[in-house]
Amino acid sequence: MADNLMTIADLVKINSNDVDDHDITDLLNDAPFIRALVADTASNGTSHKYTKESSAPVVGFRAANAGRAHSKSGDTLVTIDLKILDASVTVDKAIADAYTKGGPDALMAREGKRHLRAAFAAAEAQLLYGVGAADAGGFVGLADATTLDHTTDAQVVDATGATACSSVYAIRSIDELSDVALITGNDGSITVGERFDHFAIDGDGKKFPAYGQAIEGWLALQIGSIHSVARLANLDATTKGLNDDLLSDLLSLAPSSRPFTMLVMNRRSLKQLQQSRTATNASGAAAPFPTEAFNVPIIVTDAVSSAETALVAEA
């Protein structure tokens with residue numbers, strides 16, 4: 001894809017002293033899910049490895065003076081490759097130098113802040129949809145790990161909607177880092193570099209002087225155990241919307257000793273849940289917008305789509 005850099009027309013919009021620049025936006029690029037997730041640094045720079053118990057030792061009772069066979073526990077080695085999240089900035093040097101509200105440093109800082117915010121929104125979408133429906137060059141996400149084949153995936157509840165679908169994820173993410181976590185590489189941060197001079201290349205292969213700023217980080221998603229996440233899929237816009245019965249089905253998939261710690265959904269699902277509670281409210285008053293369900297906090301993010309393709313059971 002060709003570069004789409006700031007133009008003179010873009011500069012004119014923001015360069016006048018009689019124009020307030022209050023960072024007002026029409027974009028839905030916040031990242032509340034990332035804020036709620038536990039994070040950890042990769043075990044080895046740009047890759048992350050951990051072991052999980054995959055088989056229990058065989059134990060049992062025995063009679064006095066009688067022996068029994070001993071066995072070992074089993075471990076599975078899990079390796080996760082981190083991917084580079086790149087939000088780097090390039091601006092034509094002449095355009096940046098012509099910015100009257102602080103010069104090139106101020107313009108690069110303005111663009112860098114917006115690029116970084118967009119990067120967190122992109123990372124949030126990747127956490128949810130992964131390589132299948134977000135960025136194929138990114139890391140594996142929650143949706144990549146779920147199907148509707150109940151012979152292999154008992155962690156999915158089917159709401160049976162067929163079009164314009166959405167999902168709710170039940171997630172366990174705690175400080176012990178044994179479940180779902182955002183994994184960051186190297187020094188554990190997204191690095192915002194200093195402004196530097198370089199030659200950019202236009203669509204005809206010709207060079208021009210520009211300023212650059214590298215904004216990069218290594219990220220991946222850890223899904224510790226098969227019990228760390230569950231998905232309520234195929235919620236639609238009409239008759240197959242979200243309600244407490246479906247959330248009860250979803251939350252019941254957690255082991256009794258390892259309950260889920262958050263529910264991740266979008267605004268449409270939150271509205272459906274609120275309206276389902278209003279319909280059953282004995283007082284007749286509208287229920288408030290929910291902040292939890294069965295004492296599990298609700299995280300609302302616009303990164304969860306209302307236009308998902310329905311999951312279909314495998315033949």
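1. Strand β14 of this predicted model has buried side chains on both of its sides. Met262 and Val264 point one way from the strand, Leu263 and Met265 point the other way, and all are buried. In a regular strand the side chains alternate between the two faces of the sheet.

2. β14 belongs to an open sheet of six strands, ordered β6-β13-β7-β14-β16-β15, with mixed pairing. The edge positions are taken by β6 (156-158) and β15 (292-293); each has a single partner strand, so one side of each is left without a neighbour in the sheet. Helix α6 (residues 267-279) packs on this sheet and touches β7, β13, β14 (262-265), β15 and β16 (296-300). The direction of α6 makes about 135° with that of β16.

3. The mixed character of the sheet can be followed through the pairings of β14. Strands of a sheet pair through backbone hydrogen bonds, either parallel or antiparallel. β7 and β14 run antiparallel and are joined by three bridges, with Tyr169 standing opposite Val264. β14 and β16 are likewise joined by three bridges, but run parallel; here the bridge partner of Val264 is Ile299 in β16. Val264 is thus placed opposite Tyr169 and is also bridged to Ile299.

4. Further along the sheet, β7 (residues 166-171) pairs with β13 (residues 229-235) in the antiparallel sense, over five bridges. Within this pairing, Ser166 stands opposite Leu235.

5. A second open sheet consists of three strands in the order β5-β11-β10, with antiparallel pairing. β5 (89-92) and β10 (196-201) stand at its edges with a single partner strand each, so one side of each is left without a neighbour in the sheet. From one strand to the next, the twist averages 45°. Helix α4 (residues 103-133) packs on the sheet and touches β5 and β11, its direction making about 145° with that of β5.

6. The pairing of β5 with β11 (residues 207-213) is antiparallel and comprises four bridges. Val89 stands opposite Gln213 of β11.

7. Helix α1 (residues 8-15) has a buried side and an exposed one. Leu11, Ile14 and Asn15 are buried; they cover an arc of only 95° around the axis, which puts them on the same side of α1. Val12 and Lys13, on the other side of α1, are exposed. The elements covering the buried residues of α1 include α3 (93-97) and α4. Helix α4 therefore has two roles in the packing described here: it touches β5 and β11 of the three-stranded sheet, and it is among the elements that cover α1.

8. Ser47 merits separate mention. This residue is found in strand β2 (residues 47-55) and is buried, with a relative accessible area of 13%. Which residues does Ser47 contact, leaving aside its neighbours within four places in sequence? The contacts are with Ala42, Ile80, Asp81 and Leu82.

9. Aromatic rings call for two remarks. A search of the whole structure finds zero aromatic pairs. A charge does, however, sit over a ring: Arg195 lies over the face of Tyr211, at 4.4 Å from the ring centre.

Definitions and conventions:
Residues numbered from 1 in each chain as written. Predicted model: local features only at pLDDT ≥ 70, side-chain atom pairs only at ≥ 80, totals over all residues. Heavy atoms only, no water. Pairing = 2+ DSSP bridges. Axes fitted to C-alpha atoms, helices over the stretch in contact; angles between N-to-C directions. Contact = heavy atoms within 4.5 Å. Buried < 20%, exposed > 50% of the residue type's maximum accessible area, 1.4 Å probe, protein only. Arc of directions from axis to C-beta. Phe/Tyr/Trp six-rings, centres within 6.5 Å; stacked < 30°, edge-to-face > 60°. Lys NZ or Arg CZ within 6 Å of the ring centre and 35° of its normal.
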